[in-house]
Amino acid sequence: MENKDKRNTASHYFKADSTTIFDELSKGQPEEKETFQNLSSPVEKVSIYFPSTTSFSYINTPTNQPVIETMNIEDNILSDITSSISHISLESDRIYDGWIPSESTKEVLASIIASPGNYKVDKQLLVTPNIAIKEDFRDPIRNLLQNYLGEEAASQRRTLLISSVTQDDRGLRQLVANGCYHAAVNLTTQLLTVYGQGEKRSDQPCKHTVHSVQLWFTRIALLVKLRRFSFAEVECEPFGDLNSPDLLLAAELPQYLGKHTLALDRLSKVLATCNKIIENLMNGLTEDGSEIYKKEKREECIKVWKLRRLKVLYSLTRCAVSLKDFRLSSTLLQALLKEDKESTSGLFSALGRLCLNLGDINSAQEAFKKHLEHSPTGGNYDPVQGLLHSAFISCAKNDFGNAAQILEQAHKISPENPLVINNLGVCLMFVGKIRDAIRVVEKAIQARPEKFLHEALVLNLSTMYELESSAAQKKKLNLLSLVAGHKGDGFNIAALKLQV
């Protein structure tokens with residue numbers, strides 16, 4: 001079958017013949033405050049997640065069906081950690097460091113410039129971060145092995161420890177690259193202690209550098225990745241409202257602690273600052289609007305800040321989705337469609353999934369049609385994404401049998417697609433074919449454990465074991481052994497559903 005025919009085959013699932021929410025959203029962003037009200041989906045939702053272009057993959061299920069929950073903190077956190085570490089030890093770059101400080105911060109900075117070497121900043125205005133919670137983070141997988149399979153099995157566990165790597169940024173990168181996030185947190189403790197920002201140093205002034213701030217970002221991002229949200233919150237407290245005169249730091253953290261309004265407020269302020277900086281640069285000024293900027297540098301700065309604005313918009317969207325404020329999420333996605341032209345097809349895919357959460361199947365179909373229209377043509381066209389959308393529509397209509405058939409087609413085309421395997425397994429489970437569901441997921445994990453031992457797949461498989469038979473415990477222990485042989489200490493052991 002030619003690619004064109006494949007596109008036509010997929011597109012017939014996405015017909016919509018009435019005015020929908022999607023039509024209204026496509027007209028632009030309404031300015032009324034009602035746009036930001038919370039909307040609840042009329043059906044219970046199950047998030048069947050695996051990393052995709054947009055990081056969202058929601059499927060509606062009826063309230064009388066079993067729900068397999070996934071445990072996802074956005075995978076962008078990991079990319080942020082890696083990006084942060086990659087910049088450690090680099091000198092500050094004027095292009096990347098511009099900002100608009102608050103009025104109080106401006107006053108302090110102006111006083112320092114006016115009286116160099118003589119002006120003393122009020123200690124209460126400065127940020128004095130410290131290691132608030134001194135804990136030796138241990139390998140949770142090794143602990144499970146010891147509890148369930150004995151000391152001999154635990155002793156065979158091979159993973160990087162803090163003592164296995166150099167005590168510097170290179171060692172930190174190595175730990176993160178191998179998924180050893182607990183050991184990486186331990187190493188940040190040592191490295192920040194060298195900066196005088198270790199345990200019980202909150203009342204001591206300290207000097208911040210690009211390196212020390214990047215270390216703090218890395219540490220906090222690791223704590224979030226490990227779901228140690230309360231720890232991360234405590235260690236973020238010294239940074240205050242992120243606008244102190246000695247440093248500036250952005251954060252999404254409050255949403256992970258259920259403080260979505262605070263997260264939205266902080267991110268909105270960052271977005272407003274990004275917009276103002278871009279406006280200043282477009283007018284030929286420096287970021288804070290105080291001087292005339294050279295054209296060559298200005299063009300590069302505009303590019304940097306537009307990318308930063310995009311990142312903030314994506315952060316706001318994730319926060320709105322987490323809050324289940326789907327109207328705000330839709331508004332933000334419309335803004336992203338205007339800003340991020342390179343991701344148009346993926347954004348329409350996200351919008352379609354969002355419409356499913358609203359219970360608006362027609363809008364979802366229209367969005368998925370738009371996704372097809374903006375997808376690459378010819379040899380670059382991926383028919384699997386269209387089949388996935390078709391399966392999502394069938395699930396929204398409670399037709400899991402048809403969804404499973406569609407996903408089996410997708411599986412034949414792309415037998416190593418984790419998203420297809422995950423969703424196929426769940427749909428087979430919903431139609432009562434639990435053994436077939438287990439077979440599909442087990443086959444993938446056993447064939448390519450380094451690729452398919454993802455927490456979402458492991459969690460779903462563990463749940464299927466429980467539904468299948470009383471021998472679930474033994475099967476989950478076999479799964480634990482497989483995880484122990486291929487994953488670092490950052491793997492979330494709750495996915496195995498074993499008593500800790």
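Over residues 418–451 the chain is 88% helix and 0% strand, with the end C-alpha atoms 8 Å apart. Helices and strands here are DSSP runs numbered from the N terminus (helices H or I, at least four residues; strands E, at least two). The model is predicted: local features need pLDDT of at least 70, side-chain atom pairs count only at pLDDT 80 or more, and totals for chains, interfaces and linings use all residues. Residues are numbered from 1 along each chain as its sequence is written, and side-chain values use heavy atoms, with hydrogens and water left out.

**Exercise 1. State which residues UniProt assigns to the feature "repeat: TPR".**

Solution. The unreviewed UniProt entry places this feature at residues 345–378 and 418–451. UniProt positions follow the numbering used here, feature names are shortened, and annotations may be inferred rather than shown by experiment.

**Exercise 2. Describe the aromatic pairs and where their rings lie.**

Solution.
Step 1. Rings of Phe, Tyr and Trp (its six-membered ring) pair if their centres lie within 6.5 Å; planes under 30 degrees apart are stacked, over 60 edge-to-face, and the rest tilted. The structure holds two such pairs.
Step 2. Phe137 and Phe231 are edge-to-face, at 6.1 Å centre to centre and 75° between the planes. Phe137 is in the loop between helix H5 (103–114) and helix H6 (140–149), while Phe231 is in helix H11 (residues 229–236), so the pair links distant parts of the chain, 94 residues apart.
Step 3. Buried means under 20% relative accessible area, exposed over 50%, and partly exposed in between (1.4 Å probe, protein chains only). Phe137 is therefore buried at 5%, and Phe231 is buried at 18%.
Step 4. Phe400 and Phe430 are also edge-to-face, with 4.6 Å between centres and 65° between planes. Because Phe400 lies in helix H18 (residues 400–413) and Phe430 in helix H19 (residues 418–430), this pair ties together parts that are 30 residues apart in sequence. Both Phe400 and Phe430 are buried.

**Exercise 3. Compare the settings of the salt bridges Arg309–Glu339 and Lys370–Glu373.**

Solution.
Step 1. A salt bridge is a side-chain nitrogen of Lys or Arg within 4 Å of a carboxyl oxygen of Asp or Glu. A search of the whole structure finds 15.
Step 2. Arg309 and Glu339 meet at 3.2 Å, N to O. Arg309 is in helix H13 (residues 295–322) and Glu339 in helix H14 (residues 326–339), so the bridge ties together parts 30 residues apart in sequence. Arg309 is buried at 14% relative accessible area, and Glu339 is partly exposed at 33%.
Step 3. Lys370 and Glu373 meet at 3.9 Å, N to O. They are about one helical turn apart because they stand three residues apart in helix H16 (residues 361–373). Lys370 is partly exposed at 26% relative accessibility, as is Glu373 at 49%.

**Exercise 4. Identify the network that contains Arg448 and Glu450.**

Solution.
Step 1. Glu450 forms a salt bridge with Arg448, the closest N and O atoms being 2.8 Å apart. Arg448 is partly exposed at 28% relative accessibility.
Step 2. Salt bridges with shared partners join Glu416, Arg448, Glu450 and Lys451 into one network.

**Exercise 5. Describe the surroundings of Thr188.**

Solution.
Step 1. Thr188 is in helix H9 (residues 181–194) and is buried at 0% relative accessibility.
Step 2. Leaving out residues up to four places away in sequence, Thr188 touches Leu172, Arg219 and Leu222; contact means heavy atoms within 4.5 Å.
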